Amino acid sequence: MKYTSKQGSGPDLFTDDFTYVPKLTSTQKQSQSGIGIYLQDQIEYDAWRLTAGLRHDWVDNKYSVDGSRFNRDDSETTARAALGYVLPNGMMPYVSYGTAFVSNPGVIINLGGTNTAAMPTLGKQWEAGVKYEIPGQNATITAAVFNIDQENATVYETSSGLNLLRQLDLRSRGFELEATASLDNGWNFIASYSYNDVEITKLTAETLGNQLNSSPYHMFSLWADYEVQSGPLEGLGVGAGVRYVGSSFGDNVHTPVLNNEARTFVDASARYDLGAANPNFEGVRLQLNATNLFNEVEQLCTTGFCYFDEGRKVVASVRYRF
């Protein structure tokens with residue numbers, strides 16, 4: 001990863017013709033490289049399922065602020081383990097625990113007023129749940145509860161007159177439900193729901209204990225897909241789905257005017273495998289994907305800055321697999 005950031009400000013930030021360009025007053029450059037090694041194994045013994053993994057990462061950060069150069073190296077060992085038991089009825093309860101390490105781009109100003117590269121985010125997660133395979137059907141249902149603690153996550157904070165890249169600690173708690181089915185008659189279904197309470201456990205006095213901005217408590221999605229199995233339309237597939245994103249806060253101090261309303265988006269797709277009509281075109285697929293089909297565009301605020309939702313997007317593609 002490599003980037004250069006140049007910023008400037010002056011007494012005349014806006015003019016009638018928008019031609020004023022302030023003098024550049026700050027330049028930041030950063031390059032970041034990393035390498036990791038990992039080992040993972042899954043063991044089956046009778047009805048028991050054990051998964052265990054170990055990983056070690058090294059990250060090298062080089063950055064400069066207005067010509068002053070700095071360097072910092074980070075390394076971390078993380079691990080994960082999960083244990084499940086398959087019951088005779090196809091249900092498998094399980095528990096898992098894991099740690100995480102993610103390097104962050106960006107330069108922050110710490111409490112001492114000096115510049116430093118953003119520290120890596122460290123995480124700890126436990127999860128407990130159940131997976132169920134419906135007998136005689138290619139369908140599964142999963143349910144899980146989780147708790148995730150993160151240290152040194154990154155956010156642009158605007159409370160207390162700040163507009164800086166800051167690092168914070170978070171606690172995320174919630175549960176997830178998901179069902180998938182792939183039926184012999186050409187129908188496929190995916191449904192999911194999640195509840196996520198993302199609490200700020202360390203940042204500023206005004207934000208402590210608040211829900212993280214632009215993090216909805218509720219999210220839901222449903223997708224259905226059908227592919228014609230025989231006849232003149234064999235090879236044709238169509239799909240449609242709905243995505244619900246719950247309301248959220250527009251900044252970490254929960255300023256009411258910045259609150260984000262709940263929104264619902266509709267997506268759709270159509271595809272055709274040319275090989276079904278002519279064996280000479282085996283592996284060629286034409287596809288059309290549309291997201292936010294009805295062009296629902298609302299204000300979306302995050303960390304005190306407001307944007308618009310992405311409008312309708314339609315992508316046509318041709319794919320060939322061989």
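Mentor: Let's begin with a term: a salt bridge is a side-chain nitrogen of Lys or Arg within 4 Å of a carboxyl oxygen of Asp or Glu. Keep in mind as we go that the model above is predicted.

Trainee: Thanks! How many salt bridges does the structure hold?

Mentor: There are 11 salt bridges in the structure. A good one to look up is the pair Arg263 and Asp309, whose side chains meet with 2.9 Å from N to O. Arg263 belongs to strand S14 (residues 263-273), while Asp309 sits in the loop between strand S17 (305-308) and strand S18 (313-320), so this pair ties together parts that are 46 residues apart in sequence.

Trainee: Are Arg263 and Asp309 buried or exposed?

Mentor: To answer that, you need a cut-off: a residue is called buried under 20% relative accessible area, exposed over 50%, and partly exposed in between. Both Arg263 and Asp309 are buried.

Trainee: Which residue forms a salt bridge with Asp273?

Mentor: The partner of Asp273 is Arg285, and the closest N and O atoms of this salt bridge are 3.0 Å apart. Asp273 lies in strand S14 and Arg285 in strand S15, so here the parts tied together are 12 residues apart in sequence. Now apply the cut-offs: Asp273 has 21% relative accessibility, so Asp273 counts as partly exposed. Arg285 has a relative accessible area of 17%, so Arg285 is buried.

Trainee: Which residues do salt bridges with shared partners join into one network?

Mentor: That network is made of Asp225, Glu227 and Arg271. Another pair to try is Arg72 and Asp74, which form a salt bridge with the closest N and O atoms 3.0 Å apart. Arg72 is buried because its relative accessible area is 18%, and Asp74 counts as buried at 17% relative accessibility.

Trainee: Now the surface. Which residues form a nonpolar patch there?

Mentor: The patch is formed by Ile43, Tyr45, Trp48, Leu50, Leu83, Tyr85, Leu87 and Val95, and together they have about 730 Å² of accessible area. To find the patch, look at strand S2 (24-45), strand S3 (48-65) and strand S4 (68-85), since each supplies at least two of its residues.

Trainee: Let me zoom in on Tyr45. Where is its place, and is Tyr45 buried or exposed?

Mentor: Tyr45 is in strand S2. With 63% relative accessibility, Tyr45 counts as exposed, because the cut-off for exposed is over 50%. For a contrast, go to Gly53 in strand S3: its relative accessible area is 14%, so Gly53 is buried.

Trainee: What about empty space? How much of it lies in the largest pocket?

Mentor: The general idea first: rolling a probe the size of a water molecule over the atoms shows where empty space is left. Here, the largest pocket holds about 680 Å³ of space. Its lining has 40 residues, and the closest to the centre are Tyr94, Ser96, Gln125, Glu127 and Glu176.

Trainee: Which strand gives the most to the lining of the largest pocket?

Mentor: That is strand S5 (residues 91-102), with eight residues. By character, the lining divides into 18 nonpolar, 14 polar and eight charged residues.

Trainee: I have also heard of the backbone angle phi. What is the phi of Asn292?

Mentor: In general, most residues other than glycine have a negative phi, and most peptide bonds are trans. Asn292 has a positive phi of about 50°, although it is not a glycine. You will find Asn292 in the loop between strand S15 (284-291) and strand S16 (299-302). Asn295, also not a glycine, has a positive phi of about 55°, and Asn295 is found in the loop between S15 and S16 too.

Trainee: Are Asn292 and Asn295 buried or partly exposed?

Mentor: Asn292 is buried, because its relative accessible area is 2%. Asn295 counts as partly exposed, because its relative accessibility is 36%.

Trainee: One last feature: how far apart are Asp149 and Trp126 in sequence and in space?

Mentor: Sequence and space are two separate rulers, so read both. Asp149 and Trp126 are 23 residues apart in sequence and 9.3 Å apart in space, C-alpha to C-alpha. Asp149 is in strand S9 (residues 139-157), and counts as partly exposed because its relative accessibility is 28%. Then try Gly53 and Ala316, which are 263 residues apart in sequence and 40 Å apart in space, C-alpha to C-alpha.

Conventions: Residues numbered from 1 in each chain as written. Predicted model: local features only at pLDDT ≥ 70, side-chain atom pairs only at ≥ 80, totals over all residues. Heavy atoms only, no water. Patch = residues over 30% accessible without salt bridge, like charges linked within 9 Å, V, L, I, M, F, W, Y side chains within 5 Å. Areas by Shrake-Rupley, 256 points an atom, 1.4 Å probe, with all protein chains shown as cover. Helix = DSSP H or I, 4+ residues; strand = E, 2+ residues; numbered from the N terminus. Buried < 20%, exposed > 50% of the residue type's maximum accessible area, 1.4 Å probe, protein only. 1 Å grid on protein atoms, 1.4 Å probe; cavity = no way out; pocket = protein on both sides within 12 Å on 5 of 7 lines; lining within 4 Å. Points joined across faces, edges and corners; volume = space filled by probe spheres on them. Nonpolar A, V, L, I, M, F, W, Y, C, P; charged D, E, K, R; others polar.
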